[in-house]
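I opened the notebook to record a few look-ups on side chains, and I kept the entries in the order in which I made them.

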Amino acid sequence: MKHKFVGRRTSASRLLLMASGTLLVSLAGGALPAQAQSGSSQIMRSYDIPAQPLRSALRDYMRQSGVQVGFPSEIGERVTTSTVTGSFSAAEALSRLLTGTGLTYRFTGANTATLERAPQAAAGAIQLGPVRVEGSDGTSGVIFDETANRVPDSVVATRSATGTKTDAPLIETPQSISVITATEIRDRASESVKDAVRYSAGVHVGGSSGSIRSFDNVEVRGFAPTPLYLNGIYLPYIGDLGGSPQIDPYLLEKVEVLKGPTSVLYGQNYPGGIVNMTTKRPTPEAIGEVVARTSNRGQAYGAFDLSGPLDTGAGLLGRVTGVASTTGTIVDHVQERRLLIAPSLAWQPDEDTNLALIGHYQRDRGRPDYQPLPYVGTVVPAGSYGRISRSLFSGEPGYNDYRRDQWAIGYEATHRFNDAVTIRANGLYLGVDDRYRTFFAGGYVTAADNTPDYTQMRRNATDYASNNTVFGADTKIEAHFTTGAISHETLVGVDYRWFDNDYTGRYGFGNTTLNPFRPVYGSYNEPRLGARWDNQVEQIGLYVQDRMRLGPVVLTLGGRQDWAATDNDDLLTGIRTTNKDQAFTGRVGMTYIADNGLAPYFSYATSFMPYAGFDGESRPFKPTTGKQYEAGVKFQPKTIDALVTMSIYDLRQQNVPTYDFFTYLPTQRGEIHVQGIEFEGKLALRKRLDIIASASYTNSVYSKATDGTEGNKVRFMPPWQAALWAKYDLSSVNLFGVSAGVGVRYSGSGYGDDMNTFKYPSYTVFDGSLTYDLYQSPLHLAGAEFSVVAENLFDRKYVSGCSNINNCYYGKARLLTASLRYHW
């Protein structure tokens, strides 16, 4: 097998490991626990201070924080503070206490602070008001507000760069975007990105997407696979065949699902949307975290995250994140192991210039099982045999295997020329070298009397090996100016994408059978070489976007021209083909932002996606195209931390290949029409209550087809979905330090094949969590917490989806994880 980039991968891996070691040594002194660094101002403690007059509030604060606070006597009269409840550093707690009082604070030492009036912000002081706090430097009291790349410790995010490629409020973006923050990922102990997005509206991860843990397959608004991006750069994906990277959620600051056509900013894509993952960056304050976790599946998990300044005078910051994990699942013989190290550096030589280098190396090993099982035996009983056990290993212990080595090196650079013009550039070079050996079920053997023999399940063996490499770069200039009464935020950019897919496939169709009710292993045939190719995809795009504001109205206009080329080299037949395509895509959107926080919006967007192959007249397929109309309303109240989105959309994908019912010759007369309604809301109320709610209806239909499916529902996408998660701090009932979470997820019944001959049933499952702040325990461990998270709490046995009559997939069995986390 030809691997053109193995040497580069090895060099990159060694470079990343060396950089990680160097950063660990450097950060060991700079990101030690705050107790050893700067006294009480950075220690994470639990606070419970009710709203009250300033003097008594400060007494409570000093008792709970260990910080002495002084102030002139004249500013303490007739001042009422805000409630502070939860775990914070001393600086965070003080800023929340003084919110709305018109006072500032300044740390004069590690354990001392003073208050001042703040008619104007004094140099080095904080103008306190209804701002969202991320963290602070314990000696200066500087508060970090939310940005597109850094989210507060909250389930609510209000800014994003995914929808506009600028740091913009979500309420101003004329498309629906779901944001899953690191806090939400941690609260539910999400093991993968697809686990993290399960509570999002219009997103489905059931069926084959949820059955295997090694890949993040996500369906959005009826389309799959949804393209994945890392820091705005495309990640390679060739389906469930392997060769796809997987980003560990512990590396991430947040996950965003941008719904609807996205080609105006990102080029060739399916029309359902994209998933963009934002990695953690080095921070100006020294922070750290270690996590240990286990589960009822024998998991042994450890992770760490160290970040902070390496050289304050030179503006050099560093961060190192690592994960080591091994776990089983409910499926017999399955075992998965992961080692991950992710170093990053940031350099800010002056206030106008930033440069960051972000990388990771990941090694995955294991024995997976895709576990596709027949409809009969899962959805319905197989006669007297009943239903197949969820623990059935459908492959062979001596055959099934998965190995993946993944590495990435990326950069981000920003320079502000003046208040009006900024240039930004980011890029990513990523490689995946993997091999995936597994079995797929093929239904039951038919007995002599023409009835199915439920003791003999057909199996097909597969052996996939891929070496995939992608390079992406995006450079853009952002300009701010006015024309009359209209203010402009104009973006002009160019991005480039190159992707190489070196693939070898071995297939063993009609392999040995297996009794799914009493399996006996050890008999199988090695598959034979069936495919060998080396394909390359190249794309360059030029785009322009103008976000114009006139009073409460924000108008977004964008256009993009793409040139794409696909080079398909079949190494078995020696046939090589090249397809070249170009397309213009655009978006127009308008948002009206009312004073009460309501923001109705409307948008129209288009997309394109090259399609390999030829029609019945030997003409190359044209790209499929997409177009969407979307209208909705967003609500961001000014008094509480919340964001709600309601949307309705009409989405079409055209030029879809369809095969004639009689001649079976392909044409591009097909069309998929999706209409839907979505609701999603997130609320974080003073660290006491978090609520996440979503509901969606997705009507996905083959609106045009020549293969007999016209008018049928698209398989695999349940029309109705809903989810609710709530987490509550139980201090109000005298359970200090304890918070409890409960979640419920509903997925409706859907069709399991394109001909709509059968359906899989709906299901409802419950999740839950308990968290205990150990500072409130007799041990008084500041910054430590213990949590237990339950997925499918009542262990319901259900089928999460079917892709055909022989391939149905069980949903996850009950998973209980217990974590101990210490952060500073």
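Over the ring of which residue does the charged end of Arg497 sit? I looked this up in what is a predicted model, and found the charged end of Arg497 over the ring of Tyr234, 4.1 Å from its centre. I then noted a second case, in which the charged end of Lys165 sits over the ring of Tyr266, with 4.8 Å to the ring centre.

Entry on aromatic pairs. I searched the whole structure and obtained 30 aromatic pairs. I looked up Tyr507 and Phe509, whose ring centres are 5.8 Å apart and whose planes meet at 20°, so I entered the pair as stacked, given that planes under 30 degrees apart count as such. Tyr507 is partly exposed at 24% relative accessibility, whereas Phe509 is exposed, with a relative accessible area of 64%.

I next looked up Phe766 and Phe794, which form an edge-to-face pair with 5.6 Å from centre to centre and 75° between the planes. Phe766 belongs to strand β36 (residues 763-773), while Phe794 is found in the loop between β37 (784-791) and β38 (799-804), so this pair ties together parts that are 28 residues apart in sequence. For accessibility I wrote down 34% for Phe766, which counts as partly exposed, and 59% for Phe794, which counts as exposed.

I also followed the ring pairs outward from Tyr507 and Phe509, and found that they link both residues into a cluster with Phe215, Tyr402, Tyr436, Tyr464, Tyr503 and Trp533.

Entry on Glu396. Is Glu396 buried or exposed? I found a relative accessibility of 1%, so Glu396 counts as buried, the limit for that class being under 20%. I placed Glu396 in the loop between β19 (353-367) and β20 (401-416).

Which side chain does the side chain of Glu396 join through a polar contact of 2.8 Å? I found that the partner is the side chain of Arg459. I also recorded that a polar atom of the Glu396 side chain lies 2.8 Å from the backbone nitrogen of Gly522. When I left aside the neighbours within four places in sequence, the residues in contact with Glu396 were Phe439, Arg459, Tyr521, Gly522, Ser523 and Tyr524. Arg459 and Gly522 are therefore entered under Glu396 twice in my notes, once for the distances to its side chain and once in the list of contacts.

Definitions and conventions. Residues numbered from 1 in each chain as written. Predicted model: local features only at pLDDT ≥ 70, side-chain atom pairs only at ≥ 80, totals over all residues. Heavy atoms only, no water. Phe/Tyr/Trp six-rings, centres within 6.5 Å; stacked < 30°, edge-to-face > 60°. Buried < 20%, exposed > 50% of the residue type's maximum accessible area, 1.4 Å probe, protein only. Helix = DSSP H or I, 4+ residues; strand = E, 2+ residues; numbered from the N terminus. Lys NZ or Arg CZ within 6 Å of the ring centre and 35° of its normal. Polar contact = N/O pair within 3.5 Å; in protein donor to acceptor, adjacent residues only side chain to side chain. Contact = heavy atoms within 4.5 Å.
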